[in-house]
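Biologist: Please take a close look at one part of this model and give a connected account of its surroundings. Which residues line the largest pocket?

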Amino acid sequence: MFGRKGGLLAGSVFRRIWRKARKAVLDEHEYSSPVGKRVYDLRHTCLMTCATPA
């Protein structure tokens, strides 16, 4: 992701935006849980869910 001046966004910017997005869409219980706390967690969760037999 690129910033206004064309440079890469700092990790702190991603974390701040991610935290705000989670707060906006999750209820308090979900927000305070560790699920999806980091963007990388979603990737890991998806891979684990897809790899788990039904």
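Modeller: Two residues are said to be in contact when they have heavy atoms within 4.5 Å of each other. The model is predicted, and the account below should be read with that in mind.

I begin with the chain as a whole. The protein chain has 54 residues, of which 11% are buried. Its secondary structure consists of 3 helices and 0 strands, giving the pattern α-α-α along the sequence. The accessible surface amounts to about 5000 Å², and carbon and sulfur atoms account for 65% of that area.

The largest pocket encloses about 170 Å³ of space. The lining is made up of Phe14, Arg15, Trp18, Arg19, Arg22, Tyr31, Ser32, Lys37, Arg38, Val39 and Tyr40. Three elements contribute two or more residues each to this lining: helix H1 (11–25), helix H2 (28–32) and helix H3 (39–51). Helix H1 supplies the largest share, with 5 residues. By residue class, the lining holds 5 nonpolar, 1 polar and 5 charged residues.

Among the charged lining residues, Arg22 merits a closer description. Arg22 belongs to helix H1. Buried here means under 20% relative accessible area. Arg22 has a relative accessibility of 6%, and therefore counts as buried. Setting aside residues up to four places away in sequence, Arg22 is in contact with Glu30, Tyr31, Ser33, Val35, Gly36 and Lys37. Of these partners, Tyr31 and Lys37 also belong to the lining of the largest pocket. The contact with Lys37 joins residues 15 places apart along the chain, and their C-alpha atoms are separated by 8.1 Å.

Lys37 itself is part of the loop between H2 and H3. A residue is partly exposed when its relative accessible area falls between the buried limit, under 20%, and the exposed limit, over 50%. The value for Lys37 is 47%, so this residue is partly exposed. Beyond its neighbours within four places in sequence, Lys37 touches Trp18, Arg22 and Ser32. Each of these three partners, Trp18, Arg22 and Ser32, is also listed in the pocket lining. A further relation to the lining is given by Arg15: the C-alpha atoms of Lys37 and Arg15 lie 9.2 Å apart, although 22 residues separate the two along the chain.

Gly36, another contact partner of Arg22, is likewise placed in the loop between H2 and H3. At 6% relative accessibility, Gly36 falls under the 20% limit and so counts as buried. From Gly36 to Trp18 the C-alpha to C-alpha distance is 9.4 Å, with their positions 18 residues apart in sequence.

One charged pair remains to be described. The count of salt bridges is 1. Lys23 and Glu28 form a salt bridge, and the closest N and O atoms of the pair are 3.2 Å apart. Lys23 has a relative accessibility of 45% and therefore counts as partly exposed.

To return to the request, the largest pocket takes its lining from helices H1, H2 and H3, among other contributions, and the loop residue Lys37 also lines the pocket.

Technical notes
Residues numbered from 1 in each chain as written. Predicted model: local features only at pLDDT ≥ 70, side-chain atom pairs only at ≥ 80, totals over all residues. Heavy atoms only, no water. 1 Å grid on protein atoms, 1.4 Å probe; cavity = no way out; pocket = protein on both sides within 12 Å on 5 of 7 lines; lining within 4 Å. Points joined across faces, edges and corners; volume = space filled by probe spheres on them. Helix = DSSP H or I, 4+ residues; strand = E, 2+ residues; numbered from the N terminus. Nonpolar A, V, L, I, M, F, W, Y, C, P; charged D, E, K, R; others polar. Buried < 20%, exposed > 50% of the residue type's maximum accessible area, 1.4 Å probe, protein only. Areas by Shrake-Rupley, 256 points an atom, 1.4 Å probe, with all protein chains shown as cover. Salt bridge = Lys/Arg side-chain N within 4 Å of Asp/Glu carboxyl O.
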